[in-house]
Amino acid sequence: MSSGPPVQNEYRRDDSCRIDAIWDVGGAPPRPEEPVEVTDGVHLLLAPNANHWTYEGTNTWIVVGEGRAVVIDPGPTDPDHLDRIDEVVRGAGARVETILLSHHHGDHSQAAHAVAERWQAPIRPRIQHGIIPDGTRIDLGRRTEIRTLTTPGHTSDGVSFSLGDRRVMLTGDTVLARFNPYISHPDGTIADMLGSMARIAGLVDDDWTLLPGHGPAVREPTTYLRARIADRQRRIDQVAGLLADGVARDQVTDHVYAKVDDQRRPAARASVEAILHYLDTRALGKREKGSTV
C-alpha cells in the first residue's frame, strides 16, 4: 500500500470490464452466501443479516488481483459467511492481503477481526473511527488497483474505494441506489455528506457504476447523484420552512417523517437532527459574517 495524491478522473475506458452480472434496482437480489462476480475480479457476497437497518443485508465486496485479494466490509461474524469469503478468495487462487472498511458501523465491520485472524491480514482502518489516508493506493496486480477517497457524511470516517480500470466505485453507505442514506448524527453531518456526494459526482462519469454497502448498484451515477443532492437540499428547505412556521424543533421529525415506522424512527430523528445542526451552523456563519461588515 502507498499513499498518493487525491483520486483524479484520469482513467481510460476499457470495454473488457463491463458490468453485467449486477444487482440492479427493481431486480432480485442475489441469495445470501451465493457470490456473484459483477465484473472482472470484483465479487459481491450478500451477508445473511437482513433487517430494517441493513435492508437485504450488507454487501461484502471481495476484490481479487494477481494472487492477492482485499475484503471490503466483511459484515457479520456469521460462520457460513466467513466460510464463503474464504471460498471466493481461495477459488480465485488468492490470499487476503488486507481488510478494508468503508466505515465503523458493526453491520460492515463486525467480522473484520475474524477475517484478519483467518488470513493473518491487517485491517484498514482500525475499527473505531480510523481514517485511511485519502488517495491511498492498494495494488493487487493484474491491472487491479484500488484507490481510497475519504467520503464522510453518513459517518465521520466514511471511505469509498475506486477501481478506475473497472470504472466502478464502492461507496459504502455514502451512496445507496434507492434513497439517500440517513446521517448518523452527531458523528455524521449534512455538510460532509453534501461534500462527499459532490466529490464522487465530480470524479465519475455516467458510464461508471457505483457499488453500495447495501442494496443494488447505481447506474449513471453523475445524473443520479445530482438528483439525490437536490433531494437533500429540498429536505433542508422543508425543515427550514417548518421552523419558520413555528414548529418546535422536537416536533420536526413527526412532520417530516410522519409515516416512518418505529423501527426506522431513530434514523429519521438522527437525519433531522443533522439538518437542524446544519441550519444552526449556517445561521451562525451568516451572523459572524454580518458582524465583520
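**Notebook: strands, spaces and salt bridges**

I began with the hairpin of β10 and β11, which has 4 residues between its strands and in which Arg167 takes a positive phi near 55°; helices (H or I, at least four residues) and strands (E, at least two) are DSSP runs, numbered from the N terminus. The model is a predicted one, in which local features need pLDDT of at least 70 and side-chain atom pairs count only at pLDDT 80 or more, while totals for chains, interfaces and linings use all residues. Residues are numbered from 1 along each chain as its sequence is written, and side-chain values use heavy atoms, with hydrogens and water left out.

**Strand β10**

I looked up the partners of β10 (residues 159-163), taking two strands as paired if DSSP finds at least two bridges between them. Strand β9 (residues 145-150) runs antiparallel to β10 and is joined to β10 by 4 bridges, with Leu149 standing opposite Ser160. On β11 (residues 168-172), also antiparallel to β10, I found 3 bridges, and there Ser162 has Met169 as its bridge partner.

Is β10 covered on one face or on both? Both faces are covered, with Val159, Phe161 and Leu163 buried on one side and Ser160 and Ser162 buried on the other; buried means under 20% relative accessible area, exposed over 50%, and partly exposed in between (1.4 Å probe, protein chains only). In a regular strand the side chains alternate between the two faces of the sheet.

**Cavities and the largest pocket**

I then searched for enclosed space on a 1 Å grid over the protein atoms alone, where a cavity is a set of points that a 1.4 Å probe fits but cannot leave, a pocket is an open set with protein on both sides within 12 Å along at least five of seven lines, and lining residues have an atom within 4 Å of a point. Grid points are joined across faces, edges and corners, and a volume is the space filled by probe spheres set on the points. The structure holds 3 cavities of 30 Å³ or more, and the largest encloses about 50 Å³. Its lining includes Val159, Thr171 and Gly172, and divides into 1 nonpolar, 10 polar and 1 charged residue, where Ala, Val, Leu, Ile, Met, Phe, Trp, Tyr, Cys and Pro count as nonpolar, Asp, Glu, Lys and Arg as charged, and the others, Gly among them, as polar.

The largest pocket has a volume of about 650 Å³, and of its 27 lining residues the closest to the centre are Asn180, Pro181, Tyr182, Arg264 and Ser271. I noted that α5 (221-244) and α7 (265-291) each supply at least two lining residues, with the largest share, 5 residues, coming from α5.

Arg228 lies in α5 and is buried at 18% relative accessible area; Arg228 touches Phe179, Asn180 and Met197, not counting residues up to four places away in sequence, a contact being heavy atoms within 4.5 Å.

**Salt bridges**

I counted 18 salt bridges, each a side-chain nitrogen of Lys or Arg within 4 Å of a carboxyl oxygen of Asp or Glu. Arg219 and Asp24 meet at 2.8 Å, N to O; Arg219 lies in β13 and Asp24 in the loop between β1 and β2, so the pair ties together parts that are 195 residues apart in sequence.

Asp86 pairs with Arg118 at 2.6 Å between the closest N and O atoms, linking helix α1 to helix α3. Asp86 is buried at 9%, whereas Arg118 is partly exposed at 38%, and both belong to a network with Asp83 and Arg90.
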